[in-house]
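Ready to get your bearings in a new protein? Grab a pencil and try the exercises below before peeking at each solution.

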Amino acid sequence: MADTKKNYASGYDPAEDEEYRKALQALNSARENKPIYANTYGPQAETLLDQMQNRKPFAYDINTDALYKQYRDQYQSLGRRAMEDTMGRAQAMTGGYGNSYAQTAGQQSYQNHLGKLSQVVPTLYEQALERYKQEGQALQDQYKQTKQLEEEEYSRHKDALDAYRKDLNFLQSQADQAYNRG
């Protein structure tokens, strides 16, 4: 038994084998450089999905529609001018004095212009609905594009990980061969 210990003590010492040490150092260095999946697009995709899922249903309020307010102001202004014009012509027929006929005719002229405003509302509603649909479609398109970018990034990561594993296997094989030669 003393001979075995003596032979072992004078046998191969991997710490003294330069080739093995270099191979082991290369292997350990490679292990420290494992590719990490960044998931750059994941949070953005989750945010977009959340926006789509929690999107408020379509609602149209003419009182908050800026375009409706412009039309309303325009029709009211035109209605007032038409009313004043009509009342002026009616008063001119009676010698310039105000009378109930002139006032009624003026009011009818004003109401006719405001009636035209109510005909615009369905068009404004349709335009608002179309904008709502377009915004929803834009969100979906952006989500699909982000998911595609995320899949491409993950695919590149998998390729890098496969290359990393191949490198590790090669370096492990070199270290094993250097050790076995010793």
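Here are three short exercises on this predicted model, each with a worked solution.

**Exercise 1.** Work out which secondary structure elements the protein chain has, and in what pattern.

Solution. Start by counting: you should get five helices and zero strands. Next, read along the sequence, and the pattern comes out as α-α-α-α-α.

**Exercise 2.** Decide how the radius of gyration of the protein chain sits against that of a compact globule of 182 residues.

Solution. First take the globule, which would come in near 16 Å. Then look at the protein chain itself: its value is 42 Å. Now check the C-alpha trace, which spans about 145 × 25 × 20 Å along its principal axes. Finish with burial: 21% of the 182 residues count as buried. As for contacts between residues at least 6 apart in sequence, 83% of them join residues at least 24 apart.

**Exercise 3.** Find the residues of the largest nonpolar core and the helices they come from.

Solution. Begin with the members: Leu-27, Ala-30, Leu-161, Tyr-164, Leu-168 and Leu-171, six in all. Then assign them: helix 2 (18-31) and helix 5 (100-181) each give two or more residues to this core, with helix 5 supplying the largest share, four residues. Now zoom in on Leu-168, which touches Leu-27, Ala-30 and Arg-31, leaving aside residues up to four places away in sequence. Lastly, look for a second, separate core: this one has five residues, including Tyr-68, Tyr-75, Leu-117 and Leu-124.

How values were computed
Residues numbered from 1 in each chain as written. Predicted model: local features only at pLDDT ≥ 70, side-chain atom pairs only at ≥ 80, totals over all residues. Heavy atoms only, no water. Rg over C-alpha atoms; globule rule 2.2 N^0.38 Å. Buried < 20%, exposed > 50% of the residue type's maximum accessible area, 1.4 Å probe, protein only. Contact = heavy atoms within 4.5 Å. Core = buried A, V, L, I, M, F, W, Y, C linked by side-chain atoms within 4.5 Å.
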